[in-house]
Amino acid sequence: EAPRSLVGEASSRPLVATIGQVLAGKYEVRRLIGQGGMGLVVEAQHHKLDRKVAIKLLSPRAREDSEAVERFLREAKAAAKIRSEHVGRVLDVDALDGGEPFIVMELLEGRDLAAELTEVGKVEVERAATIVLQACEAIAEAHAVGIVHRDLKPANLFLAHDAAGKLCVKVLDFGISKITLAESPDRSQAKALTSASAMLGSPLYMSPEQMRASGEVDKRTDVWSLGVILYEMIVGKSPFDASSVPMVCANVIGAPMPPLEQGEHSEGLEPLLQRCLAK
């Protein structure tokens, strides 16, 4: 089969990758897994180890953005620091012939929580609790090494399975994670990478303080996001959902959490969610 472009842009920028292309002399690109505005993820075969992996690459446009490149590399460094089975493992970081970096990660089989919610609407309470508890394990370890994720949302919780077939949640995408100043060897660089002027994250899952000043948040912003995710799984919609981004922001900053319907689990979950979503 002749090589096929995975991403083609009407410009002079080089293509990101082609089917059959071998990256860094060992990773043969097999298929496209997914893509977004800043890059894409492909499945590849490691020639020497005969192992399938996932490779994350930046789009040509993102390669020209030094901040995007820095966030990309920080994602790999952050994930590599966290020793948890519930974080997508980084196996390697390398570069294309032109010097553009790429990240090699474990290839996961399953789907993300956003896809499951789109299909089923709500998640049974026991399954919702399992998903959030496993995500909590990963985030607690991240916090222990001074990393705040800042972009927890259903699309970044991947529902994989372990060798025994049991659910194994993987927290993905530490691209906008904040390495706290106390942990950073270069405080000026850490501060620059978490500029308070940049709204980073997804509004439905952002804490009030993150909306006001993204660079000044601490680990409590991740607790907030996990609370929103748990509420959405149980109720079927975000507690601060609205028809526009400004209205979402207003709800997050000023509106109380809508109470749960009275039921078997509401008595225990209500105070838990109120603590997570305390403004």
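This briefing describes the strand pairing, helix packing and burial in the structure above. The model is predicted. It contains an open sheet of six strands with antiparallel pairing, and a hairpin formed by β9 and β10. Strands of a sheet pair through backbone hydrogen bonds, either parallel or antiparallel.

**The six-stranded sheet**

- The strands of the open sheet follow the order β1-β2-β3-β4-β6-β5.
- Strands β1 (22–23) and β5 (90–95) each have a single partner strand and stand at the edges, so one side of each is left without a neighbour in the sheet.
- Strand β4, residues 51–58, is joined to strand β6, residues 101–106, by five bridges in the antiparallel sense.
- Within this part of the sheet, Val53 has Glu106 of β6 as its bridge partner.

**Helix packing on the sheet**

- Helix α2, residues 66–81, packs on the sheet and touches β4, β5 and β6.
- The direction of helix α2 makes about 30 degrees with that of β6.

**The β9–β10 hairpin**

- Strand β9 (residues 157–161) runs antiparallel to β10, and five bridges join the two.
- Leu157 has Val171 of β10 as its bridge partner.
- Five residues lie between β9 and β10, and Gly165 in the turn has a positive phi of about 90 degrees.

**Burial of β10**

- Five of the five residues of strand β10 (residues 167–171) are buried, that is, under 20% relative accessible area, so the strand is largely enclosed by the rest of the structure.
- Leu167, Val169 and Val171 point one way from β10, whereas Cys168 and Lys170 point the other way.
- The residues on both sides of β10, Lys170 among them, are all buried.

Notes: Residues numbered from 1 in each chain as written. Predicted model: local features only at pLDDT ≥ 70, side-chain atom pairs only at ≥ 80, totals over all residues. Heavy atoms only, no water. Pairing = 2+ DSSP bridges. Helix = DSSP H or I, 4+ residues; strand = E, 2+ residues; numbered from the N terminus. Contact = heavy atoms within 4.5 Å. Axes fitted to C-alpha atoms, helices over the stretch in contact; angles between N-to-C directions. Buried < 20%, exposed > 50% of the residue type's maximum accessible area, 1.4 Å probe, protein only.
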